[in-house]
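Trainee: I would be grateful for a close look at a single part of this model. Please choose one element, describe its surroundings with care, and then place it beside the other parts.

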Amino acid sequence: MASITIRNLDETAKQALRERAAKNGRSMEEEARLLLTAPNLAPRRKTLTNAPIELLHHPNLESGEVQPLSSMGYDSDELATKVSLSRSITEEFAGFPAAGKRVLLIISGGIAAYKCLDLIRRLRERGVHVRPVMTKAAHEFITPLSVGALAADKVYSDLFDREDEQDVGHIRLARECDLMVVAPATADLMAKIANGLANDLASTILLATNKPILLAPAMNPAMWEHPATQRNIQTLKSDGCLFVGPSAGEMAESGEAGTGRMSEPMEIVEVIGNLLDTRPKPLLGKRAIVTSGPTHEPIDPVRYIANRSSGKQGHAIASALADLGAEVILVSGPVNIAAPKNVELVKVETARQMQIAVEAALPADIAVMVAAVADWRSVGEAKEKMKKENGKGPSSLKLTENPDILKGLGHHKNRPTLLIGFAAETQNVEKHALAKLEKKKADWIVANDVSVDSGIGKNKGGVMGGDRNRVKILTKVGIESWPELTKTQVAKRLAQQIADTLFTKSTAV
Ligand SMILES: Cc1cc2nc3c(=O)[nH]c(=O)nc-3n(C[C@H](O)[C@H](O)[C@H](O)COP(=O)(O)O)c2cc1C
């Protein structure tokens, strides 16, 4: 029996499984095992090796229906293994712009070829189909076995392959993709493409293609700087080839340093995502300000007042707005998460700094104030660390109110067209949020219950710091209650609602 790692299933599938298990009085493991070993599955040994990764989001598991997997006809052991190996795409990599697209990856013979194995993995887990082609020299650096296993596809190498060339396979390879990626791109292969040579499968495909070509060069700095290579790069650029890297750093093979390192797999993945992003951009030309994270209000040089906000929700909203084409300024308090790449980040510590940064970013069409701004700060930050004084007991902390950033925007002469505040409450969520909507002159308040016993989150630890959220959208016309979602899903839904609202506003007569 293959082992099943339920924790690796995506949340929707997990929830469906949880409900089924509860209904049938079984543990989740037991339920999953029974599903996967349903008798009507066993005889149908259809291989998953080439199955699209979306199959892991089994519709029946998601809807909680009783007939899971049988309609698919995939081998149960293989599926179980694949489920246990897979990371959840919908949860972790939801909405990768190139998901479902086809990349033809040409691996040429450089030492950086080993990075391609990771590149293939990162693309596949984001739902990108990778078809690998290896040059003869690439076989000296990595094995086709590893490449094929990770890509879950055949590795193409031979131009004169009798089977593939019965239907002129190299032309098919050149056309049946959305993007060609050459990584690593050797000096040799680039010289061939620049000069229109076609004496092996890789160079022939590159000459025959009508698809965009992205090159990730990797070579010794002397080879990179050589006038011949630089000439070839210029030719390739003027022929329309796109480049990622190379970066500067230490060389793997020689202990030398300089420009010539292949870009890291995740950088290449990001470029591929941007190149293949064909999603509509309804917020193109719109400017958005988003605040995120907590603020830190200093008491003395080593102590501060803070809260448990992680910045996950605010950062996700900034990213989702940018994905829809908005120019986003993310004003963030101190957080331990990476800023989305597609936004302009302004880092602040205190509420007062945040207010200055937000107002400096005006005018804006959209402002989403997600940050958990501290309501109070200590009066007069001590210059030196405050010391215990024997026998005197703890000194009391005198607090003063911080500026109200949302209210400030609501009454600002450059008030954003759509002003949205967040209300993190632990009780009477709706009542407090409605009062906030009125008092701050906001258009919407996104209210969430941040109490630890809200019943939200993987370990039910609550919204703050967690990955999930359940929000209510309060507007002047009513209240919309959303189900519990990941913070990414909340962000995407909110960004879409913002886009729809701005469109309606701009087209209203
Ligand atoms: C150990 C070793 C490492 C090499 N690394 C690189 C490299 O990083 N970049 C490069 O352009 N060529 C490199 N070469 C040279 C290429 O392998 C050589 O030019 C080969 O013909 C390239 O063939 P291809 O472009 O068809 O893959 C290396 C050669 C050896 C022996």
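Mentor: A crossing of two helices is called left-handed if the near helix is turned anticlockwise from the far one by less than a right angle, and right-handed if it is turned clockwise. With that term in hand, we may turn to helix α9, bearing in mind that the model is predicted.

Helix α9 spans residues 187-194, and it gives the most to the shell around the ligand, with 3 residues. In total, 16 residues surround the ligand, and the closest are Ser108, Gly109, Gly110, Ala137 and Thr186. By class, the shell around the ligand consists of 9 nonpolar, 5 polar and 2 charged residues.

Let us now consider the helices that pack against α9. One of them is α10, which covers residues 201-208; the axes of α9 and α10 are 10 Å apart, and the angle between the two helices is about 40°. Angles under 35 degrees count as roughly parallel and those of 65 to 115 as roughly perpendicular, while 40° belongs to neither range. The pair α9 and α10 is therefore described as oblique. Its crossing is right-handed. On the α9 side, the contact is made by Leu189, Lys192 and Ile193, which meet Ala202, Ser203 and Leu206 of α10. Sorted by class, this contact between α9 and α10 holds 4 nonpolar residues, 1 polar residue and 1 charged residue.

Another helix packed against α9 is α12, made of residues 227-238; here the axes come within 9 Å and cross at roughly 50°. The helices α9 and α12 are therefore oblique to each other. In this case α9 passes α12 in a left-handed crossing. The residues of α9 that take part are Ala187, Met190, Ala191, Ile193 and Ala194, and they meet Thr229, Asn232, Thr235 and Leu236 of α12. This contact comprises 6 nonpolar and 3 polar residues, with no charged residue. Ile193 deserves a second look: it is one of the α9 residues that meet α10, and it is also among those that meet α12.

A further pair of helices may be set beside these. Helix α6 (residues 114-125) and helix α13 (residues 265-275) have axes that come within 9 Å and cross at roughly 45°. For this reason α6 and α13 are likewise oblique to each other. The crossing in which α6 passes α13 is right-handed. Lys115, Asp118, Leu119, Arg122 and Leu123 represent α6 in the contact, while Pro265, Met266, Ile268, Val269 and Ile272 represent α13. The classes here are 7 nonpolar and 3 charged, with no polar residue.

We now pass from helices to strands. One open sheet has 5 strands, in the order β2-β1-β3-β4-β5, with parallel pairing. The edges are formed by β2 (129-134) and β5 (242-243); each has a single partner strand, so one side of each is left without a neighbour in the sheet. Strand β1 (residues 102-107) runs parallel to β2 and is joined to it by 6 bridges. Within this pairing, Leu104 has Arg131 in β2 as its bridge partner. After β5, the loop that leads to β6 (247-250) contains Pro246. The peptide bond between Gly245 and Pro246 is cis, with omega about 5°.

Another open sheet has 8 strands, with mixed pairing and the order β12-β11-β8-β13-β16-β17-β19-β20. At its edges stand β12 (344-347) and β20 (478-481), and since each has a single partner strand, one side of each is without a neighbour in the sheet. From one strand to the next, the twist averages 15°. Strand β11 (residues 327-332) runs parallel to β12, with 4 bridges between them, and Ser332 stands opposite Lys347 of β12. Helix α14 (residues 312-323) lies across β8 (287-292), β11 and β13, at about 165° to β8.

Two loop residues complete the survey. Pro363 lies in the loop between α15 (351-360) and β13 (366-369), and the peptide bond that joins Leu362 to Pro363 is cis, with omega near 0°. Ala152 lies in the loop between α7 (144-151) and α8 (169-175); its phi is near 55°, a positive value in a residue other than glycine.

Definitions and conventions
Residues are numbered from 1 along each chain as its sequence is written. This is a predicted model: local features need pLDDT of at least 70, side-chain atom pairs count only at pLDDT 80 or more; totals for chains, interfaces and linings use all residues. A residue is near a molecule or strand if its C-beta atom, placed from the backbone, lies within 6 Å of it. Ala, Val, Leu, Ile, Met, Phe, Trp, Tyr, Cys and Pro count as nonpolar, Asp, Glu, Lys and Arg as charged, and the others, Gly among them, as polar. Axes are lines fitted to C-alpha atoms, for helices over the stretch in contact, and angles run from 0 to 180 degrees between N-to-C directions. Angles under 35 degrees count as roughly parallel, over 145 as roughly antiparallel, 65 to 115 as roughly perpendicular and the rest as oblique. Two residues are in contact if their C-beta atoms, placed from the backbone, lie within 7 Å. Two strands pair if DSSP finds at least two bridges between them.
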